[in-house]
Structures are given as C-alpha cells and as structure tokens.
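Please find below my notes on how the two copies are arranged and how they meet. The points are numbered for ease of reply.

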Number of protein chains: 2
Amino acid sequence: MQELVLHEDPFSGNCYKIRLTASLVGANISTVSYNLAAGETRTARFCSTIDANGRVPVLQIGSETFLPESNAACYYLATGTSLVPEHDRLRHANMLRWMFFEQSFIEPTIGTLRFWYKRIGKHDMREEDIAMVPNRRKLAEDSLETMNIHLGGTKFFGGETPDLADVVLFAYTHVAEDAELDLNCWMNVKAWCQRLMDEKYCSPLHI
Amino acid sequence: MQELVLHEDPFSGNCYKIRLTASLVGANISTVSYNLAAGETRTARFCSTIDANGRVPVLQIGSETFLPESNAACYYLATGTSLVPEHDRLRHANMLRWMFFEQSFIEPTIGTLRFWYKRIGKHDMREEDIAMVPNRRKLAEDSLETMNIHLGGTKFFGGETPDLADVVLFAYTHVAEDAELDLNCWMNVKAWCQRLMDEKYCSPLHI
C-alpha cells in the first residue's frame, strides 16, 4: 500500500473514525494536524493543495491523491477486510445505509453540538449558531432513538459481528455527553458502545 | 431479483435518484407515494412498518426488507453494473467520496431550500426555517464551487464515464433553480448536467 497521511483535527470524530479504522485493519498512517476552529483548513494553500472544500479529514494516498469525506476514507482503508461485507449484497447495503445515516443525522447533530460546546464554548457561540441548537438537539434525540430501536433486535448494526457502520457510528455517539446528550436515555445504544469497547473493536477518544 | 417497491415522495430529489438508478440498470420498481410536507411518513404505522426514522425514500426488497437512505438504495440497485467501479479501489472510494459529499452538502442545502420554496412556500415557512436560509444558501454556493472546481478537470466525477456519484449528484443539482441558485455561476456544473442529459444518462425531474 502507498504511504498514507491523514490530514486531521485530533478533536474531530470524523477524523477519529479514520484512525480507528486504520488501527482495526493494521494500516500505518501518519498524521498532520490542523485546528478547525482556528480556520487552518480554510487557507488558500490548503484549499489549492489538500481539498477545495476546506475541510478535514482528508486521507492522502501517496503523493498526489487526496480523499476527503471520512466515511469514504474508512471504506478505502477497510476494503477487502471483514469490516466491509462486499460479497453479501444486502448486508453491504445495510452497512452503507447506516454510514449515510451517520453523516446525515449524527455528525451534523452530536458532532456539531459537541464542537460548539467543547471547542468554541457556549459563551463564544455566534447568535446564528445558538438559534440552531434546539433543532439540532431534537434531531440528535430522534436519531439516537432510531439507533436505539434498531439495536433492540441486533448485537451490532449488521448482525452478530461489527462492520464499518459500527465503527463510523461509534465515533460521535460514544462522546454524546460532550453534546449534553445522556445515553442513559437510549440504553441499547449505550450497551452497544460498551460492547464495541469490551470486545476491543473501538477505544474511546481522549482529547 | 426480489420484488422492489419504492416508498417515495415524487417531489423529492432523494427519491428521484433511485428511480433514475433503477432506470439505468433496468430494474423494475413499483412505487407507493407519500406527501412529506403533510407528514404522511411520520405516522405510527409508517414508523413501525416502513422506517423508524419516519422518512422516504425507503426501498422495499421483497416483503420484509426495508432499506432507507437514498444513496444506499442506489448502490444496492447498481451493484454489479458499470455504475459501481468496485474493482478499482481508488475510483470506488472517489465515487463514495462524492456520494457522501452529496448527502452532507447538496441535499441539506439545495434540497432543503427547494423544499421550503417550492413545497412549503416562502409565505408559509416557519420563523426558525427562515432564520436558517442564509447559512444553507452560503453552504450551497460553496458546495457548488467545490463541484465546479473538480469538474474543471474531468468530464464526469470519476473520469470519462459516469458512475453512481454523477447520478446521485444530478438529482438535486439540476433543479438548483428551484432553490434560487443560478447554475450560470458554476458553468462546469451546468455543462456537466447538460452532458448527463445529452448522453441519456439522466433525464430531468418533472413535477
């Protein structure tokens, strides 16, 4: 495999999921850190060389290939491993279903609230962001409820063993407390996070 | 293949992309329509039988399998066709990169603005939604710019021929005018939409 460099912000759950996946599949990655809150990914140099969208994570593969979007980077790393059930068409589609769910309903809710509360700080939030909190919080609660219902009937998201959906959903879900969401309200979700840690699939993010 | 039923709202770009994909791969699907704006996907019956998250599209496969998330449904339908370059690890990751980009940056911006303007109506929008318009509009413009830069160097998102990323990005992008975004500001994007139509990969959504 070509040399892998993760352009990341160590605080970000989107970046953390790539490090988790790399660790699970035994891929060596080096990292370059940026501070998202300080705008370090919005510079002209970053946008012209790393990613025009001005965001991290970006997985650099060799010297010339840059892959943005955390879940695409995780998929790239886990291709050919048991984390990607590519020969079971329905289970594979189910895995993607929960990966898209994560980017649509978990990252913009738990991830954003956590960023505002823990990185920006409640007293320094912009008025326009404060106005969005109730909406994001309601959507976070509804999304955790959707996960909780699903996990009432299955050990991991796709069945008896974890796949990539579990890894990417773990990244923000296990730090929901940082977004002032109490996982005791969603006991199946809480038990699933603990299971992933107990069975050594995922370790908690320490910042 | 088992019988396929698309639970959808015909206005929705997320639903349209599934019909486009089914048409491209020659899959027969029947449809059941719901009115999202009227809350028809939020009923207890819908949530307990079709999708706990209360949303469409959901692709029903046979009598017991329900697959939410539009891009996962498109992937399921296109598995094994040239729209999913599964044997080229990097191109496949690039395809997923743009599919996740679509759900993170195009659907919540162009898709939501279009829903508010064309379905709810500007005069009937909630105060809290009106407050979000500037943010969504700025993100839509930035995202179209990111696409425009990429399309400056390639005919389709992954190269000389379309893949699933083109199909799912087309769904909301070609109706950007409904969200009061003028594609003449992003000429590479406009030319790419036209190319997909000229080469008979995608037809426009008529509502």
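1. In this predicted model, a turn of 180° with a shift of 0.0 Å along the axis lays chain B on chain A, with an RMSD of 0.0 Å. This is therefore the relation of a two-fold axis. The residue of chain B that comes closest to the rotation axis is S104(B), its C-alpha lying at 3.1 Å.

2. Chain B and chain A each give 35 residues to the contact. Of the interface residues of chain B, 100% are interface residues in chain A as well, so the copies meet through the same surface.

3. The area buried between chain B and chain A is about 3300 Å², and carbon and sulfur atoms account for 65% of it.

4. Two salt bridges cross the interface of chain B and chain A. In a salt bridge between R97(A) and D51(B), the closest N and O atoms are 3.7 Å apart; the cut-off for this pairing is 4 Å. Polar contacts between chain B and chain A number six residue pairs, counting pairs with both residues at pLDDT 80 or more.

5. On the side of chain B that touches chain A, two or more residues come from each of β4 (65–68), α3 (70–78), α4 (89–120) and α5 (127–151) of chain B. The largest share belongs to α4(B), with 13 residues. Sorted by class, this side of chain B holds 19 nonpolar residues, 10 polar residues and six charged residues.

Conventions:
Residues numbered from 1 in each chain as written. Chains lettered and ligands numbered in written order. Predicted model: local features only at pLDDT ≥ 70, side-chain atom pairs only at ≥ 80, totals over all residues. Heavy atoms only, no water. Contact = heavy atoms within 4.5 Å. Buried area = accessible area lost by both parts, 1.4 Å probe. Salt bridge = Lys/Arg side-chain N within 4 Å of Asp/Glu carboxyl O. Polar contact = N/O pair within 3.5 Å; in protein donor to acceptor, adjacent residues only side chain to side chain. Helix = DSSP H or I, 4+ residues; strand = E, 2+ residues; numbered from the N terminus. Nonpolar A, V, L, I, M, F, W, Y, C, P; charged D, E, K, R; others polar. Least-squares fit on C-alpha atoms with pLDDT ≥ 70 in both.
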